[in-house]
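Me: I am new to this structure and would like a close look at one part of it, with enough of the surroundings to place that part. Please take your time and connect the details as you go.

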Amino acid sequence: MNFKKILIPPLLVLPLILTGCGSSSSDSTETTEETVADTSTDASTDTSTDTTTDTSTDATTDSSVWIINTTDEVSENLYESGTNQGSRVNVQSVETETVEDLEYSVVSATGIANYQVTLSQDEIDTLNARPKAATDFLSGATTAEADVAFEFGEDIGFNSNNDCETTGGAGYWPPGPVCPENLSRTGYFPNSPEPATDDVESGLGAMGYWVNGTSVYQWGDGQSYNNEGVWQTLAPVAEVYDVDVCGGHAANGDYHHHFSSDCLGKMVNDEGTDHSPIYGYAADGYAIYGPWYSNGVLAKSSWAMRDYDDASSTTGCGTVGVRDCVLVDEFDVAAGVVASADGPTTTDEYRSLSGNIFIASTGFFYEDFYWDSALTSLASEYLDQFNGHDSGDDLGYHYHVTITQNDDGVQTPAFPYTIGPRFYGKLQDNSIVSNMATVGGAPDGGVPGGGELPDLPLCEADQEPEIGVCIPVI
Ligand SMILES: [Zn+2]
Ligand SMILES: [Zn+2]
């Protein structure tokens with residue numbers, strides 16, 4: 001299934017109401033920049049040298065799920081940095097390689113997508129109704145026209161980051177995010193993944209590849225209320241105006257989706273009439289399927305939201321609307337709550353780094369959610385704490401991207417959106433997560449040690465980004 005020219009109605013600009021899921025709290029400081037590399041324990045092997053390469057392609061794996069560029073197609077809008085040479089799109093190759101007796105699919109990809117997008121008039125209207133449309137677009141409104149297809153990276157009037165001048169893409173991304181770069185990277189995905197024996201947290205940065213070779217990111221955007229490490233914001237919520245019409249954006253050149261992308265769903269022909277096809281693979285080797293469990297039935301997150309608005313709730317903090325406590329363990333709600341730094345009340349406003357104002361209602365922060373084991377037990381479409389299941393079909397254990405859908409068909413990402421907050425499977429030493437320290441690296445602003453890359457902060461015109469904060473331009 002190779003890249004196709006498909007007309008893709010993009011995901012509607014996401015409503016900011018989080019429907020239906022819950023939240024968790026966490027020990028305040030631990031979760032901010034947790035690095036998978038630190039918490040994984042598979043210490044036994046040293047993969048640095050002894051690899052045997054089998055360059056015969058994809059013998060045993062289902063490589064057909066990857067969107068492989070067999071024609072050297074290049075992007076019309078995104079270029080090799082500083083040149084007018086279009087970057088190759090999608091996945092370049094998938095090969096099988098054995099490393100220390102474990103077989104991997106080795107996926108080479110640029111990280112550049114080739115989505116084609118067609119917006120309806122309603123979607124155009126939604127774009128133009130953005131709260132900061134007057135400055136988000138150079139002329140105050142998108143130049144995209146209803147029912148006229150455009151390509152990934154094509155100028156639709158956004159006031160993009162200056163960075164886009166070196167790679168192309170100006171006008172496709174809203175202000176803030178940088179433009180994507182050809183990363184020419186390789187990811188190792190074990191063909192026989194195994195469950196983890198320890199808790200393996202997902203971190204910032206790539207934790208999987210979507211089937212078009214772009215990055216899977218988790219719930220976080222690396223930001224928290226007053227930068228205190230607790231009350232961490234959720235990328236699909238706080239950055240809803242900071243993603244493109246396909247629900248993605250780049251950090252450090254790395255184009256990624258934090259949640260289900262309708263553009264990707266169209267590429268893999270997911271009609272919602274059956275169990276979804278594979279949308280990507282997590283770094284542990286388990287597949288990430290689309291949002292559908294069966295015909296018209298969504299796979300359901302079993303993460304529930306705390307109840308701050310009932311003073312007697314065991315998940316709240318005793319005073320209506322107040323956030324001054326977090327759950328002791330978001331995976332065990334019975335463990336109760338513990339005092340924390342204050343967060344906004346559920347009616348307070350929260351100003352994101354891109355200057356958009358949100359009401360911090362329940363579901364705005366990571367700490368608002370907990371895993372409800374009773375939901376997981378309810379029915380087979382309810383997922384576990386890792387956002388996956390083995391529902392007894394021939395798919396084995398797998399993750400799902402999770403969304404909710406209202407009666408009007410409007411879809412909203414549902415926490416934890418992709419996988420996580422922990423991996424189900426063991427991370428091998430050569431996983432893309434473990435490699436981030438060398439692939440990403442501190443020179444681009446990565447976090448030393450783990451190499452987990454937060455989304456670049458989105459700053460006002462009179463500010464400029466530092467790591468994690470905006471500072472006034474002097
Ligand atoms: Zn499933
Ligand atoms: Zn992001």
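**Strand E14 and its surroundings**

Reply: Residues 464–474 have pLDDT under 50 throughout, and the model gives them 27 contacts beyond four places in sequence. This is a predicted model, and a second stretch, residues 435–453, likewise stays under a pLDDT of 50, with 44 contacts beyond four places in sequence. For the chain as a whole the mean pLDDT is 83, and 78% of the residues reach 70 or more.

With that caution in place, here is the setting. The chain contains eight helices and 30 strands, and of its 474 residues 53% are buried. Among contacts with a separation of 6 or more, 64% are between residues 24 or more positions apart.

The part to look at closely is strand E14, which covers residues 254–257 and is covered on both of its faces: Asp254 and His256 are buried on one side, and Tyr255 and His257 are buried on the other. On one hand E14 pairs with strand E13 (residues 249–251), in the antiparallel sense and over three bridges, and within this pairing alanine 251 has aspartate 254 as its bridge partner. The two strands form a hairpin with two residues between them, and in that turn asparagine 252 has a positive phi of about 50°. E14 is also joined to strand E10 (residues 215–216), this time by two bridges and with the strands running parallel; here valine 216 stands opposite histidine 257.

Valine 216 leads from the strand to the nonpolar core. The largest such core has 102 residues, and Val216 is listed with Val107, Leu234, Tyr279, Ala282, Ile288 and Tyr399 as those that touch the most other members. In soluble globular proteins, nonpolar side chains tend to be buried together. Tyrosine 279, from that same list, shows what such a position looks like in detail: apart from neighbours within four places in sequence, its contacts are Trp210, Val211, Leu264, Val268, Ile288, Tyr289, Gly290 and Val401. One of these contacts, Ile288, is itself among the residues that touch the most other core members.

For comparison with the hairpin of E13 and E14, consider the one made by E2 and E3, which has six residues between its strands and in which glycine 82 takes a positive phi near 75°. Strand E2 (residues 74–79) and strand E3 (residues 86–88) run antiparallel and are joined by two bridges, with arginine 88 as the partner of valine 74.

Positive phi values also occur at aspartate 101, which is not a glycine and has a value of about 70°, and at asparagine 387, where phi is near 70°. Aspartate 101 sits in the loop between strand E4 (91–99) and strand E5 (102–109), and counts as exposed because 7 other C-beta atoms lie within 10 Å. Asparagine 387, in the loop between helix H7 (373–378) and strand E25 (388–389), is by contrast buried, because it has 29 C-beta neighbours inside 10 Å. The C-alpha atom of asparagine 387 is 9.8 Å from that of tryptophan 371, a residue 16 positions away along the chain. Tryptophan 371 belongs to strand E24 (residues 369–371) and is buried too, since it has 28 C-beta neighbours inside 10 Å.

How values were computed
Residues are numbered from 1 along each chain as its sequence is written. Chains are lettered from A and ligands numbered from 1 in the order in which they are written. This is a predicted model: local features need pLDDT of at least 70, side-chain atom pairs count only at pLDDT 80 or more; totals for chains, interfaces and linings use all residues. Helices (H or I, at least four residues) and strands (E, at least two) are DSSP runs, numbered from the N terminus. A residue is buried if 20 or more other C-beta atoms lie within 10 Å of its own, exposed if 12 or fewer, and partly exposed in between; C-beta atoms are placed from the backbone. Two residues are in contact if their C-beta atoms, placed from the backbone, lie within 7 Å. pLDDT is the predictor's confidence in each residue, from 0 to 100. A nonpolar core is a set of buried Ala, Val, Leu, Ile, Met, Phe, Trp, Tyr and Cys residues joined through C-beta atoms within 7 Å. Two strands pair if DSSP finds at least two bridges between them.
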